[in-house]
Amino acid sequence: MGEETKPQETPLLHTQAAETALKRTGTIWTAAAHVITGVIGSGVLSLAWSMAQLGWIAGPLTMLCFAFFTLLSTYLLCDCYRFPDPEYGPQRNPSYLEAVDATLGKKEAWISGIFVEISLYGVGIAYTITSAISMRAIQKSNCYHKEGHEAKCEYADTLYMLIFGGVQIILSQIPDFHNIQWLSILAAVMSLAYSIIGFALGIAQVIENGYVMGSITGVSASSAIAKVWNISQALGDIAFAYPYSLILLEIQDTLKSPPPESESMKKASTIALIMTTFFYICCGGFGYAAFGENTPGNLLTGFGFYEPYWLIDFANACIVLHLVGGYQVYSQPVFATIEKWFAEKYPNSGFINHSFSIKLPFLRAFGLNPFRVCFRTIYVISTTAISMIFPYFNQVIGLLGALNFWPLTIYFPVEMYLRQRRVEAWTIKWIMLRAFSFVLLFLSLFALIGSVEGLISAKLS
């Protein structure tokens with residue numbers, strides 16, 4: 001790429017570049033690290049169960065397929081960072097919704113915004129359920145250690161969900177909580193810690209058993225239709241574990257150029273997904289190899305592992321710490337969107353727009369807004385209430401994965417690419433991308449139907 005091919009920059013663009021040069025110092029390796037820490041999280045805990053439903057051939061192949069689907073959609077989305085030209089376009093789109101708005105227009109941006117808000121709200125529910133299960137697992141682990149593995153150490157999730165919800169009500173009132181840098185660092189360290197512990201415990205269990213459990217067809221089910229539903233839920237769980245489309249453009253916005261940001265981001269995504277997929281297959285594979293027919297739905301809370309109990313406790317404590325902060329990371333964008341809409345809709349309302357200064361001992365003063373207090377409290381209560389009604393880890397994870405995978409990871413990136421590249425209808429590229437989108441639509445619907453069935457069946461039973 002010669003310098004002569006780059007369009008002449010205007011003084012305004014030159015000024016903007018100078019102002020943001022210090023911020024955009026990221027490299028391929030920093031971007032890959034961001035992707036890995038953003039992708040690996042609570043979804044890894046269900047992968048052993050997913051592998052168990054699919055078996056030794058379909059399980060790894062399915063993970064490889066989802067990795068390929070995610071990587072292909074990532075390549076399409078990377079080209080949407082700059083507009084209208086993917087390499088030298090003067091307009092930057094540092095977020096997913098801005099890219100949809102610039103490329104497809106306001107209507108499509110509004111529709112994608114609904115899916116984004118649903119996705120973020122759903123993550124709050126999933127995190128509440130997972131945190132409660134992990135807190136309960138710590139109590140059960142200590143009970144088993146004291147009373148023996150055959151003891152009846154049964155505890156309800158409700159109290160832990162209420163505790164988690166109470167903590168989130170308090171944290172939700174802190175202005176700009178999502179901008180605290182240590183939160184992301186803590187979440188990344190904790191997610192890697194419990195993922196590695198689950199991986200290591202699976203290896204240790206296989207070594208202790210002396211042989212590999214599992215089969216080509218996966219775990220047995222009570223009937224053929226039950227097997228189909230379990231497979232569909234497994235697809236939803238895997239779909240939940242992979243995509244990172246909502247954060248991709250924000251990561252890309254940190255990259256320095258030259259080379260073009262899209263080129264660097266594609267390389268970073270390739271590296272990150274290769275490493276993530278290897279890790280996922282190892283975690284899911286060793287979990288299934290360790291327990292076979294008895295593979296738990298959640299690798300660290302299903303008590304396939306009992307000892308060392310302190311390591312189980314530490315891993316589950318890491319999960320809780322990760323999700324306490326993670327809940328805020330995913331909820332703050334919802335808060336900002338809703339509160340901005342109400343502020344613009346009712347500019348003269350003191351309840352919505354006026355803040356009171358609060359000063360607590362040993363803390364700096366901060367503004368407390370009545371509308372923010374009420375709205376965020378109701379929001380947290382609603383996620384907690386839904387979690388208490390449907391406290392089913394695998395089914396909820398599968399439902400969220402199936403619901404959000406196609407629209408946010410496949411459909412909008414494909415549509416933006418076709419529009420930005422001006423791909424003509426019925427050309428080979430157009431047909432292939434449309435077929436790619438439609439096939440994954442049906443796959444997502446299959447996973448969605450199975451996850452809904454699983455959720456209803458779990459509730460009725």
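Leu433 sits in helix α15, which covers residues 428-460. In this predicted model, Leu433 is a buried residue, because its relative accessible area is 9% and the cut-off for buried is under 20%. Once residues up to four places away in sequence are set aside, Leu433 touches Leu76, Val414, Tyr417 and Leu418. One of these partners, Val414, is 19 residues away along the chain, and the two C-alpha atoms are separated by 6.7 Å. Let's use Leu433 as a starting point and look around the rest of the protein.

**The whole protein**

- The secondary structure adds up to 15 helices and 4 strands.
- How does the radius of gyration of the protein compare with that of a compact globule? For 461 residues, a compact globule would be near 23 Å, and the protein agrees because its value is 23 Å.
- If you draw a box along the principal axes, the C-alpha atoms fill roughly 75 × 60 × 35 Å.
- Of the 461 residues, 50% are buried.
- Take the contacts between residues at least 6 apart in sequence: 80% of them join residues at least 24 apart.
- The protein exposes about 21,700 Å², and 68% of this area is supplied by carbon and sulfur atoms.
- There are 27 positive and 30 negative charges, and the mean positions of these two groups are 5 Å apart.

**How confident is the prediction?**

- The mean pLDDT of the protein is 85, with 91% of the residues at 70 or more.
- Where is confidence lowest, and where is it highest? Helix α1 (residues 11-20) has the lowest mean, 39, while helix α3 (residues 47-78) has the highest, 95.
- Across residues 1-22 the pLDDT is below 50, and this stretch has 7 contacts in the model beyond near neighbours in sequence.
- Keep a simple rule in mind here: where pLDDT is low, the predicted coordinates should not be read in detail.

**Two more buried residues**

- Ser269 belongs to helix α10 (residues 261-291).
- Is Ser269 buried or exposed? Ser269 is buried, because its relative accessible area is 0%.
- Leaving out neighbours within four places in sequence, the contacts of Ser269 are Leu71, Thr74, Tyr244 and Leu248.
- Thr301 is in the loop between α10 and α11 (309-345).
- Thr301 also counts as buried, because its relative accessibility is 7%.
- Which residues does Thr301 contact, leaving aside neighbours within four places in sequence? They are Ile133, Ser134, Ala137 and Asn316.
- Thr301 and Gly43 are 258 residues apart in sequence, and their C-alpha atoms are 13 Å apart in space.

**An exposed loop residue**

- Ile216 is part of the loop between α7 (181-209) and α8 (224-241).
- Ile216 is exposed, because its relative accessible area is 55% and the cut-off for exposed is over 50%.
- Not counting residues up to four places away in sequence, Ile216 touches Leu54, Gly55, Trp56 and Ile57.
- How far apart are the C-alpha atoms of Ile216 and Gly59? They are separated by 9.0 Å, although the two residues are 157 apart along the chain.

**Backbone features to look for**

- As background, most residues other than glycine have a negative phi, and most peptide bonds are trans.
- The peptide bond from Phe83 to Pro84 is cis, with omega near 0°.
- Pro84 lies in the loop between strands β1 (82-83) and β2 (91-92).
- Arg422 is not a glycine, and its phi is positive, near 55°.
- You can find Arg422 in the loop between α14 (393-420) and α15.
- Arg422 counts as exposed, because its relative accessibility is 67%.
- Trp426 is another residue that is not a glycine but has a positive phi, about 70°.
- Where does Trp426 lie? Trp426 is in the loop between α14 and α15.
- Trp426 counts as exposed, because its relative accessibility is 67%.

Note on methods: Residues are numbered from 1 along each chain as its sequence is written. This is a predicted model: local features need pLDDT of at least 70, side-chain atom pairs count only at pLDDT 80 or more; totals for chains, interfaces and linings use all residues. Side-chain values use heavy atoms; hydrogens and water are left out. Helices (H or I, at least four residues) and strands (E, at least two) are DSSP runs, numbered from the N terminus. The radius of gyration is taken over C-alpha atoms; the globule rule is 2.2 Å times the number of residues to the power 0.38. Buried means under 20% relative accessible area, exposed over 50%, partly exposed in between (1.4 Å probe, protein chains only). Contact means heavy atoms within 4.5 Å. Accessible areas come from the Shrake-Rupley method with a 1.4 Å probe; for residues, only the protein chains shown count as cover. Lys and Arg count as positive and Asp and Glu as negative; His and the chain ends are not counted. The place of a charge is taken as NZ of Lys, CZ of Arg, CG of Asp or CD of Glu. pLDDT is the predictor's confidence in each residue, from 0 to 100.
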